[in-house]
Amino acid sequence: MEYILGFLIVFNKSLAAFGLPELISVFSVLVLAWYIITRKQQLKGIVRTTLVAVVYAVVVQLITHTMDFPATGTFILTALLNITLASWVINNFQKYEQHAFVYSVALCQGVMTLAAFMLPGSVLWKVDEYVSGTSLNRLKLLYSEPSYLSFVSGIALIICVYQILVYKLSWQIVLAGLILLLDMLLSYGMGGMICLVLAISVMLMAHVAKNRDKIVADPAAKYKWILSATFIVVVLISIIVISPTYGFRLASLIQGTDLGLFYMIKEPVGVFSDIMKETGWKGTGIGQLLYSDRLSQAELVEGFKNAYFYFMAEGGIVGCVLVLGIVIFLIGYVLLYGGILPLALFIYVTVYMFTAGRYDDPVNWIAYGIILAHCLLSRNDARIQEDAELDDSRAGEVVVGIIGAKGLGNYGGYETFVDKLTEYHANNVKIRYLVACKANGQGAMDETKLKGAVPISESEFTYHNAHCFKINVPQIGAAQAIVYDLMAAAYCIRYFRKHRTEKPILYVLTCRIGPFIGIIANKIHELGGEYYVNPDGHEWRRSTWKPAIRRYWKISERLMIKHSDLVICDSKNIETYINATYDSYNPKTTYISYGAELEKSKLADDDAKYTEWMHDHSLNEIGWLIVGRFVPENNYETMIREYMKSGSDRNLVIITNINKTYMDELEDILHFSRDRRIRFVGTVYDKQLLKKIRENAFGYIHGHSVGGTNPSLLEALGSTKMNLLLDVGFNRECGEDSALYWSKEYGSLSSLIDKVEKMPSDEIEKYSEKAKNRIREAYSWEYIAGKYEKVFR
């Protein structure tokens, strides 16, 4: 099979250059016929696929401006043949030898290269139909098509590097790699080279992260890694020096000019946007874009090479859904089941399709087949291993997998929630917890500092009778939170299957993984379990996120609610919002708030930890207090402005992380640095110290406008005598008549501050007692843990 694939993808275009029909399409017809004749059980699937393709093409044509169907038949045939090819690769992958595929591609392209540059010109000359008035060597023509030859070389090179890293090193695989590298360099395909560097770099970093100790200890493993990295170095040098066509375009690439790679993304996006606006998101129709005048209007007849946007411009909103659906499906499988090879191939193919190629190119779908086949094999191997390790020791228990918190013992809303929930259920024999923790990066779990934690291995420990596991998360910026949740969900699913959990529950805190939750929920349901979600507050409203990220949050929230078996809301206002916004899904919801404690701080007023903190910040007393993240939606501008306007003699102590950009912005508006009463004192993560600060504060000002029930507010109600809260539904729901409320109107908060400072002490004590009673009756951890026990059982 591997030799057939290698021959097909290399000689497909070269044979077409001689006027022959495309070999892969012919082979696809034969494969389809073979499926129908020998695998009758596959016939239903093929018929279903055909019907889907027909319906898709017809729908797209009907919703566009034209009613013509000139390309519908071609689209249906192409879609069916490509899916057949991908299916063939997947079904035969168990017999597939990756090194043989690399050999075959290298051999075919090596022979073709020698023929192109060594045979007499009269043998393979004159291809006038490609370039008018110019005679070209037919095989040399391939080297002017980097979107093909470079693409094929890149796929084989990635597999070659994987072979070098993972398996026994041989001179054959190194030679094959050198031939493929030479072919890629001769193709002058800068886009392919850049994509290859990116894909192999990710592969090498992932390999090091997984096998760091082995690489350090084993010289052979170290040499293999260095040899693999050499490919990247050679390609980079070639981009800069060797290639006469693209060698000195890195500056253009960075600047985004018409010679750069970014241009190949930016310009198609602009054209796509224009077409969507012009057609009302209907698209031009399948096969209509090439023959319309839209490309010539944009002067991009040859430049609109972004495969995804080209296809979506034809298909409109339906095409967008199809492309995004396939990409998201592949991302989900790669993250859940793929290793370093599927990850690298997916990055290479996806990025390449953004800059060149055709979405319906059969080679593209062969690559998709290889990626999926590798993921499916990994999944099957994992299941076989899990079946061999099945453990009935916990059969009959309810096991709740909690993902979304960074760890235990950290100061944070979800982290405190998981800590307290497991603490109050530590002796509950009918419920066990499986808790995800971060092993690296910001907020990483350090169980050695957690009193009562018992280590099991380097990545597992028990705490409060909960089984805690640590996830090594790739440090890829904000996206790492999504990857963390996906990896944690995959661990929970494996755990449930291994231990034959009778009633597994996956409880996801916040709505980060909506595009993938359908797959995860199905896995949980297959095990006889349920998926619960806590949507937190309105994350999509936070001004800290860019518009695109806010849109992602909103879409993710919708999908998380759609697939949920139960939505646990920590605010009645959030529950009302969920039921009103997503009533079409008829979500099952319940209200269980966050909790708080009424115990006083263990620190005395003269405790060294407290007095040193006061001295370090030049404080004699704590007047008004603000605690919370330093973000605009917490209304720092209003609170500081109003405090400056008030007549208070007390200081304003602000405990928060410092965001210099936001700080400078507030300074430009308010000039608060001139007011000596205002003190920014940084963060306080010591729970007992923070509680002592709250207890000794004269009053607390709360400006949170997003996020549901806020832990900081509950802690203030349980510790601080007087609390002034922004008048929004979440805050009034918590405080009721135990606090006073202010609005964003000019003078509202400042007048309230002045009013409170004139209050008699006995009236302030009444508010303090009401606040503590409110926490005792509705927000005590014992009460909250009891409600969760009823839900989980």
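# Reading helices, cores and salt bridges

Me: At 14% relative accessibility, does K420 count as buried or exposed?

Reply: Buried. The cut-off is under 20% relative accessible area. Keep in mind that this is a predicted model.

Me: Which residue meets the side chain of K420 in a salt bridge?

Reply: Start with the general idea. Side chains of opposite charge can pair when their charged atoms come close. Here the partner is E423, at 3.4 Å from N to O. E423 is partly exposed, with a relative accessible area of 34%.

Me: How does helix geometry bear on a pair like that?

Reply: An α-helix has 3.6 residues a turn, so residues three or four places apart point the same way. E423 and K420 are three residues apart in helix 16, so about one helical turn separates them.

Me: Which residues are linked with K420 and E423 in a network of salt bridges?

Reply: E597 and K691. The structure holds 20 salt bridges.

Me: Which residue pairs with K660?

Reply: D664, with the closest N and O atoms 2.9 Å apart. These two are four residues apart in helix 23 (residues 660-670), again about one helical turn. K660 is exposed at 59% relative accessibility, while D664 is partly exposed at 34%.

Me: Which residue meets the side chain of E789 in a salt bridge?

Reply: R793, at 3.1 Å from N to O. E789 is partly exposed at 23% relative accessible area. R793 is also partly exposed, at 48%.

Me: Back to helix 16. How do I read its span and its cover?

Reply: Compare the end-to-end reach with 1.5 Å a residue. Helix 16 (residues 413-424) has twelve residues and spans 17 Å between its first and last C-alpha, close to the expected 16 Å. Nine of the twelve are buried, so the rest of the structure largely encloses this helix. Among the buried ones are Y414, F417, V418 and L421, and also the charged E415 and D419.

Me: How many residues of helix 17 are buried?

Reply: 15 of 19, so helix 17 is mostly covered. Helix 17 (residues 480-498) reaches 27 Å, close to the 27 Å expected. R500 follows, with a positive phi near 50°.

Me: Where is T501 found?

Reply: In the loop between helix 17 and strand 6 (503-509). T501 is buried, at 6% relative accessible area. Its C-alpha is 6.8 Å from that of V399, although 102 residues separate the two along the chain.

Me: Now the nonpolar core. Which members of the largest one touch the most other members?

Reply: The general idea first. In soluble globular proteins, nonpolar side chains tend to be buried together. Here the largest core has 81 residues, and I155, I158, M203 and Y348 touch the most other members. Helix 13 (residues 307-337) gives the most to this core, with 14 residues.

Me: Which residues does M203 touch?

Reply: Leaving out residues up to four places away in sequence, M203 touches I158, V161, Y162, L165, I340, L341 and A344. Another core lies apart, with 47 residues, including Y414, Y532, C734 and I784. Y414 ties back to helix 16, where it is buried.

Me: Which residues form a nonpolar patch on the surface?

Reply: W281, I317 and V321, with about 300 Å² of accessible area together. V321 sits in helix 13 and is exposed, at 55% relative accessibility. So helix 13 holds this exposed residue as well as giving 14 residues to the core.

Terms used: Residues are numbered from 1 along each chain as its sequence is written. This is a predicted model: local features need pLDDT of at least 70, side-chain atom pairs count only at pLDDT 80 or more; totals for chains, interfaces and linings use all residues. Side-chain values use heavy atoms; hydrogens and water are left out. A nonpolar core is a set of buried Ala, Val, Leu, Ile, Met, Phe, Trp, Tyr and Cys residues joined through side-chain atoms within 4.5 Å. Buried means under 20% relative accessible area, exposed over 50%, partly exposed in between (1.4 Å probe, protein chains only). Contact means heavy atoms within 4.5 Å. The expected span of a helix is 1.5 Å times one less than its number of residues. Patches are made of residues with over 30% relative accessible area and no salt bridge: like charges are joined within 9 Å, nonpolar side chains (Val, Leu, Ile, Met, Phe, Trp, Tyr) within 5 Å. Accessible areas come from the Shrake-Rupley method with a 1.4 Å probe; for residues, only the protein chains shown count as cover. A salt bridge is a side-chain nitrogen of Lys or Arg within 4 Å of a carboxyl oxygen of Asp or Glu.
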